[in-house]
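Reader: I'm new to looking at protein models and I'd like a close look at one part of this one. Could you pick a helix, walk me through what surrounds it, and then show me how it fits into the rest?

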Amino acid sequence: MDELKDTNPDFFRKYEDIDDTEEFLHYMMLPLRQSFRVNTLKVGIDDVVERLSEEFELERVPWAKEGYFVYGEEVTNTPEFALGLIFMQEASSMIPAAVLDVQPGMLVLDMAASPGSKTTQMSAYMENRGCIVANDVKYPRINILISNIQKFGSVNVRVTMKDGRYFGRFRDTFDRVLLDAPCSNVGMIRKNYKYLRLWRQRDVEALSRLQKELIMAAYRALKPGGVLVYSTCTLDPEENEEVVDYLLSNTDARLEKIDLPLKSHEPITEFRGKIYTDEVKKCLRIHPQDNNTEGFFVAKVVKDE
């Protein structure tokens, strides 16, 4: 553990103020459990579970009826993976699309969509009816996004390549908006230690500024009566509670409490001299030890009629 702390002492010094438990450090260093989501656009859940159970031990993800943890090697070598019947997707990243409550026929904006796990998840929930505008800002990420949309049979998706802030001009347009924001990826350290080596406080602060601009644009693009979900796979308060607090302070947005069968940590309302509204307690702050997943943060925002 000491050797690991030497990789990025600044990270561990800061995170003593976020979660200083041994359990947090232990789970941050554990390899991540594999999980997949059944692509219900192509196959029934029971059919896939029955077939893969012949080779692997499966455990249902409590908060996503089509999500499963999988124990065993090389599930990505199966025909189910090759044919796009399953999408390898981290269990906590299935939460934002589940919370967004998309319905067939809706107009949905996925503002930072690549690689497309949540886009294809929403497309399945919408039964390929309605339209998802799946956007990303970088050309290489667009290629991955399009490849996955095609592989998983999502035909109600239109892809755009724009800075997410561009969509702020489409005021009151979308029934649902998902902003799975670019972030410092602390939750993904369990997947790859490069995210620990790359973490810098100055990047967190720059990302926080960008995330505030993105969430303001996302909220402007949301129809009255619509729902916006903001999520990140990081645990820095500046990228989570602070961004939501900024939206609530500058608009008439309100939060809804998220009720899912999972464990979570109390959101942070004060951090290093900054005070955030108690409303952020309605958000989900998931630390790795809560459900043995990536760290994640999710907020459900409503724009009243």
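**A close look at helix α11**

Author: What covers the buried residues of α11? The cover includes α10 (201–221), β9 (222–232), β10 (254–256), β12 (274–275), β13 (284–286) and β14 (296–302). Keep in mind that this is a predicted model.

The helix itself runs over residues 241–250, and seven of its 10 residues are buried, so "mostly covered" is a fair label, given that buried means under 20% relative accessible area. Those buried ones are E241, E242, V243, V244, D245, L247 and L248. Here's a handy bit of background: an α-helix has 3.6 residues a turn, so residues three or four places apart point the same way.

Let's zoom in on one residue of the helix. L248 lies in α11, and its relative accessibility is 17%, so it counts as buried. Which residues does L248 touch, if you skip those up to four places away in sequence? They are A253, R254, L255, T277 and E279. Take T277 from that set: it sits 29 residues from L248 along the chain, yet the two C-alpha atoms are separated by 8.5 Å.

Now for a second helix, to set beside α11. In α7 (117–125), eight of the nine residues are buried, so the rest of the structure largely encloses this helix. The buried residues of α7 are S117, K118, T119, T120, Q121, M122, S123 and A124.

What comes on either side of α7 is worth a look too. Leading up to it is the loop between β5 (107–110) and α7, and that loop is where you find P115. The peptide bond that joins S114 and P115 is cis, with omega at about 10°. After α7 comes E127, with a positive phi near 55°. E127 is in the loop between α7 and β6 (131–136), and it isn't a glycine. N128 is in the loop between α7 and β6 as well, and its phi is also positive, near 65°, again in a residue other than glycine. Why bother pointing these out? Most residues other than glycine have a negative phi, and most peptide bonds are trans.

Are these two loop residues buried or exposed? Neither label fits: E127 counts as partly exposed because its relative accessibility is 48%, and N128 is partly exposed with a relative accessible area of 22%.

There's also a link from this region to another helix. N148 is found in α8 (residues 139–151), and it is buried, with a relative accessible area of 15%. Leaving aside neighbours within four places in sequence, N148 is in contact with F87, P115 and T120. You've met two of those already: P115 is the proline on the cis bond, and T120 is one of the buried residues of α7.

How about cysteines? The count of disulfides comes to zero. The sulfur of C183 has its closest cysteine sulfur in C233, at 3.5 Å, and that is too far for a bond because a disulfide needs the two sulfur atoms within 2.5 Å. C283 is in no disulfide either, with the nearest cysteine sulfur, that of C183, 15 Å away. C183 counts as buried, at 11% relative accessibility, and C283 does too, at 5%.

Finally, step back to the whole chain. Its secondary structure comes to 12 helices and 14 strands. The C-alpha trace spans about 55 × 50 × 35 Å along its principal axes. A compact globule of 305 residues would have a radius of gyration near 19 Å, and the chain has 19 Å, so the two agree. Of the 305 residues, 56% are buried. Among contacts with a separation of 6 or more, 76% are between residues 24 or more positions apart, and the L248 and T277 pair, 29 residues apart, gives you an example of such a separation.

As for the outside, the accessible surface of the chain is about 13500 Å², with 47% of it belonging to carbon and sulfur atoms. The chain carries 40 positive and 50 negative side chains, and the centres of those two sets lie 6 Å apart.

Terms used
Residues are numbered from 1 along each chain as its sequence is written. This is a predicted model: local features need pLDDT of at least 70, side-chain atom pairs count only at pLDDT 80 or more; totals for chains, interfaces and linings use all residues. Side-chain values use heavy atoms; hydrogens and water are left out. Buried means under 20% relative accessible area, exposed over 50%, partly exposed in between (1.4 Å probe, protein chains only). Helices (H or I, at least four residues) and strands (E, at least two) are DSSP runs, numbered from the N terminus. Contact means heavy atoms within 4.5 Å. The radius of gyration is taken over C-alpha atoms; the globule rule is 2.2 Å times the number of residues to the power 0.38. Accessible areas come from the Shrake-Rupley method with a 1.4 Å probe; for residues, only the protein chains shown count as cover. Lys and Arg count as positive and Asp and Glu as negative; His and the chain ends are not counted. The place of a charge is taken as NZ of Lys, CZ of Arg, CG of Asp or CD of Glu.
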